[in-house]
Amino acid sequence: MREVIGRRVAGVVLVAAALLATSACGGQLPPGADGDLTNQWAAVAEPKSWRPDEAMCADSFRDVSYRSSYKPIGCDQSHTYETVAVADFTGEAASRTTPPSEGSPDMRAAWADCNTKVNTYVGGDWRNGAFWFGVSLPSQAGWDGGARWYRCELTALDGQYGDPVSRTAPLKGGLASLKFGCFQYGSQLVAISCTKGHNAEFVGVWNAGSTAFSSLKGMNTKIAKACRGIIASYVKVPNDGNINYRTGVVWNWPSQADWEAGDHGVRCHLWLSKKKVTKSLRGAGTKGLPINYA
């Protein structure tokens with residue numbers, strides 16, 4: 001908005017100069033004047049669209065970013081969200097007259113790019129830890145002014161699909177400290193130290209590919225099988241018919257909005273029902289996860 005006002009003021013000044021030049025044509029010029037009132041004027045700069053900064057933090061996330069509400073702060077101050085990267089739409093996406101809409105192919109491509117950048121930033125697949133990221137676009141006015149960027153905004157959560165938490169340090173390399181571990185599962189997964197009695201453990205993420213969100217509730221058998229395969233790899237036990245007698249499975253998935261944005265990751269956990277252990281079962285082998293015939 002400030003740049004638009006500046007261009008309008010410059011336009012008014014130039015018009016006034018033109019009127020002065022016209023009125024001087026019929027009269028005598030003052031000493032030293034040559035009649036050209038514009039040859040000493042600096043050229044008006046081309047308008048430059050606003051672009052947010054990388055490696056800055058903020059207290060809130062907006063899927064549409066307005067310059068008037070953009071208030072970045074240093075990541076060493078208390079904040080909730082962190083700008084991991086600012087990238088640009090190109091090709092046909094950049095030639096649009098409006099910003100890409102939620103769930104559109106262009107928006108999913110931006111999400112996929114941010115996904116890669118966030119993974120690199122935190123040090124691995126962010127879905128293995130307590131993170132969430134969103135993609136923020138320019139407003140329509142910003143798009144009209146030439147802005148074609150999108151922001152990758154990352155936050156830490158207080159649970160697998162919990163609320164954002166405030167921090168006073170950046171999340172770069174943060175997967176090591178925020179990676180999921182052990183849980184006690186009753187009606188919900190409750191994080192707990194692996195050295196305390198627990199009956200569940202996060203083992204990894206199954207990528208559901210192009211599966212529609214509406215299909216997930218009818219895929220219990222397929223998801224359970226996929227998660228048991230991840231459990232077998234995680235614990236180092238055979239992925240055969242006996243895996244069903246070694247462990248149960250608990251899984252969860254993101255919200256519909258996040259699924260349609262591009263996150264098709266189903267989080268898998270081994271589940272021991274009433275049995276409890278006091279250590280991680282990662283790499284524990286058949287002794288750590290024995291067959292339990294009924």
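Colleague: Which element gives the most to the lining of the second largest pocket?

Modeller: That's β4, with six residues. Before we go on, this is a predicted model: local features need pLDDT of at least 70, side-chain atom pairs count only at pLDDT 80 or more, and totals for chains, interfaces and linings use all residues. Residues are numbered from 1 along each chain as its sequence is written, and side-chain values use heavy atoms, with hydrogens and water left out.

Colleague: What counts as a pocket, and what volume does the second largest pocket have?

Modeller: Rolling a probe the size of a water molecule over the atoms shows where empty space is left. On a 1 Å grid over the protein atoms alone, a pocket is an open set of points where a 1.4 Å probe fits, with protein on both sides within 12 Å along at least five of seven lines; lining residues have an atom within 4 Å of a point. Points are joined across faces, edges and corners, and the volume is the space filled by probe spheres set on them. Here the second largest pocket comes to about 410 Å³. It has 22 lining residues, and the closest to its centre are D63, E102, M107, V135 and A261.

Colleague: Which elements give two or more residues to that lining, and what is its make-up by class?

Modeller: The elements are α3 (105–122), β4 (131–138) and α8 (256–261). Helices (H or I, at least four residues) and strands (E, at least two) are DSSP runs, numbered from the N terminus. By class, you get 14 nonpolar, four polar and four charged residues. Nonpolar means Ala, Val, Leu, Ile, Met, Phe, Trp, Tyr, Cys and Pro; charged means Asp, Glu, Lys and Arg; the others, Gly among them, are polar.

Colleague: On to sheets. In what order do the strands of the five-stranded open sheet come?

Modeller: Two strands pair if DSSP finds at least two bridges between them. The order here is β1-β3-β5-β4-β2, with mixed pairing. At the edges sit β1 and β2 (64–65), each pairing on one side only. Further in, β3 and β5 are antiparallel partners over six bridges, and D88 stands opposite W149 in β5.

Colleague: T155 is in β5 too. Is T155 buried or exposed?

Modeller: Buried means under 20% relative accessible area, exposed over 50%, and partly exposed in between (1.4 Å probe, protein chains only). T155 comes out at 0%, so it counts as buried. Its side chain makes a polar contact (N or O atoms within 3.5 Å, one able to donate a hydrogen and the other to accept it; residues adjacent in sequence count only if both atoms are side-chain atoms). The partner is the backbone oxygen of T80, at 2.7 Å.

Colleague: How many salt bridges are there, and which residue does R51 pair with?

Modeller: Side chains of opposite charge can pair when their charged atoms come close. The rule is a side-chain nitrogen of Lys or Arg within 4 Å of a carboxyl oxygen of Asp or Glu, and the count is five. R51 pairs with D88, with the closest N and O atoms 2.8 Å apart. R51 lies in the loop between α1 (2–24) and β1 (57–58) and D88 in strand β3 (81–88), so the pair ties together parts 37 residues apart in sequence. R51 is partly exposed at 38%, and D88 is partly exposed at 38% as well.

Colleague: And which salt bridges does R127 form?

Modeller: One goes to D125, with N and O 3.2 Å apart, and another to D263, at 3.5 Å. R127 is in the loop between α3 and β4, while D263 is in the loop between α8 and β10 (265–271), so this pair ties together parts 136 residues apart in sequence. Shared partners join D125, R127 and D263 into one network. R127 is buried at 12%, D263 is buried too, and D125 is partly exposed at 22%.

Colleague: Last one: which strands pair with β6?

Modeller: β6 (182–185) and β7 (189–192) are antiparallel over four bridges, joined by a hairpin through three residues, and F183 stands opposite A191 in β7. β6 also runs antiparallel to β8, through two bridges, with C182 partnering E201. β8 in turn pairs antiparallel with β10 over seven bridges, A200 facing W271. β8 (200–207) is mostly covered, with seven of its eight residues buried.
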